[in-house]
Amino acid sequence: MNISDVAKKTGLTSKTIRFYEEKGLVTPPLRSENGYRSYSIKHIEELTLLRQARQVGFNLEECREMIGLFNNPQRHSADVKARTLDKVAEIESHIHELNLMRTRLLALAESCPGDDSADCPIINNLAGCCHR
């Protein structure tokens, strides 16, 4: 199977597939005499796993670990679950931080008259000063 076929089957671009190969995230494909890559079903599975893992927030190093687990017949589902729950905790932490930022921004907006004057409590607050 060539790279354009793999791209269609995985929903990735050829450029992304080459990037993942360059980073060593997928099993290197075989090369024909003319240098063209030849992919198998295993590559489709690895690349699909990568695409979907990236969609739910795993970074490249975490994806490398997931591919390693995918390719390890001795893997333990507990290891996969632990990594998944770690990612959930990380996302929950980001959500908490975003909610704090949202709350602060709303308070700043509430403090500002939003009129034509140059005096702006938002700017003053963000700059750490008070208007005198």
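A disulfide is taken here as a pair of cysteine sulfur atoms within 2.5 Å, and in the present model, which is a predicted one, a search of the whole structure under that criterion returns zero disulfides. The sulfur of cysteine 112 has its closest cysteine sulfur in cysteine 120, at 3.9 Å, which is too far for a bond. The relation holds from the other side as well, since the closest cysteine sulfur to that of cysteine 120 is in cysteine 112, again at 3.9 Å and therefore too far for a bond. Of these two residues, cysteine 120 has a relative accessibility of 19% and so counts as buried, the cut-off for that class being under 20% relative accessible area.

Aspartate 119 is placed in the loop between α5 and α6, the latter helix covering 121–127. With a relative accessibility of 35%, aspartate 119 counts as partly exposed. Its C-alpha atom is separated by 59 Å from that of serine 77, the two residues being 42 apart along the chain.

Helix α5 itself covers residues 77–111 and contains serine 93; arginine 102 is also found in helix α5. The computed accessibilities place serine 93 in the partly exposed class, at 35%, whereas arginine 102, with a relative accessible area of 53%, is exposed. Along the chain, arginine 102 and alanine 82 are 20 residues apart, and their C-alpha atoms are separated by 30 Å. For serine 93 and glycine 11, the distance from C-alpha to C-alpha is 30 Å, with a sequence separation of 82 residues.

At the start of the chain, asparagine 2 lies in the segment before α1 and is partly exposed, its relative accessible area being 37%. Although asparagine 2 and serine 38 are 36 residues apart in sequence, their C-alpha atoms are 5.5 Å apart in space. When neighbours within four places in sequence are left aside, asparagine 2 is in contact with Arg37 and Tyr39.

The packing of helix α1 (residues 3–10) against helix α2 (residues 14–22) was examined through the helix axes, which come within 9 Å of each other and cross at roughly 100 degrees. Because angles of 65 to 115 degrees count as roughly perpendicular, α1 and α2 are assigned to that class. On the side of α1, the contact is made by Ile3, Ser4, Val6, Ala7 and Thr10, and on the side of α2 by Ser14, Ile17 and Arg18. By residue type, the contact of α1 with α2 comprises four nonpolar residues, three polar residues and one charged residue.

The structure further holds one aromatic pair. The rings involved are those of phenylalanine 19 and tyrosine 20, whose centres are 6.0 Å apart and whose planes stand at 50 degrees, so that the pair is classed as tilted. That assignment follows because planes under 30 degrees apart would count as stacked and those over 60 as edge-to-face. The accessibilities of the two residues fall into separate classes: phenylalanine 19, at 33% relative accessibility, counts as partly exposed, while tyrosine 20, at 6% relative accessibility, counts as buried.

Notes: Residues are numbered from 1 along each chain as its sequence is written. This is a predicted model: local features need pLDDT of at least 70, side-chain atom pairs count only at pLDDT 80 or more; totals for chains, interfaces and linings use all residues. Side-chain values use heavy atoms; hydrogens and water are left out. Axes are lines fitted to C-alpha atoms, for helices over the stretch in contact, and angles run from 0 to 180 degrees between N-to-C directions. Helices (H or I, at least four residues) and strands (E, at least two) are DSSP runs, numbered from the N terminus. Angles under 35 degrees count as roughly parallel, over 145 as roughly antiparallel, 65 to 115 as roughly perpendicular and the rest as oblique. Contact means heavy atoms within 4.5 Å. Ala, Val, Leu, Ile, Met, Phe, Trp, Tyr, Cys and Pro count as nonpolar, Asp, Glu, Lys and Arg as charged, and the others, Gly among them, as polar. Rings of Phe, Tyr and Trp (its six-membered ring) pair if their centres lie within 6.5 Å; planes under 30 degrees apart count as stacked, over 60 as edge-to-face and the rest as tilted. Buried means under 20% relative accessible area, exposed over 50%, partly exposed in between (1.4 Å probe, protein chains only).
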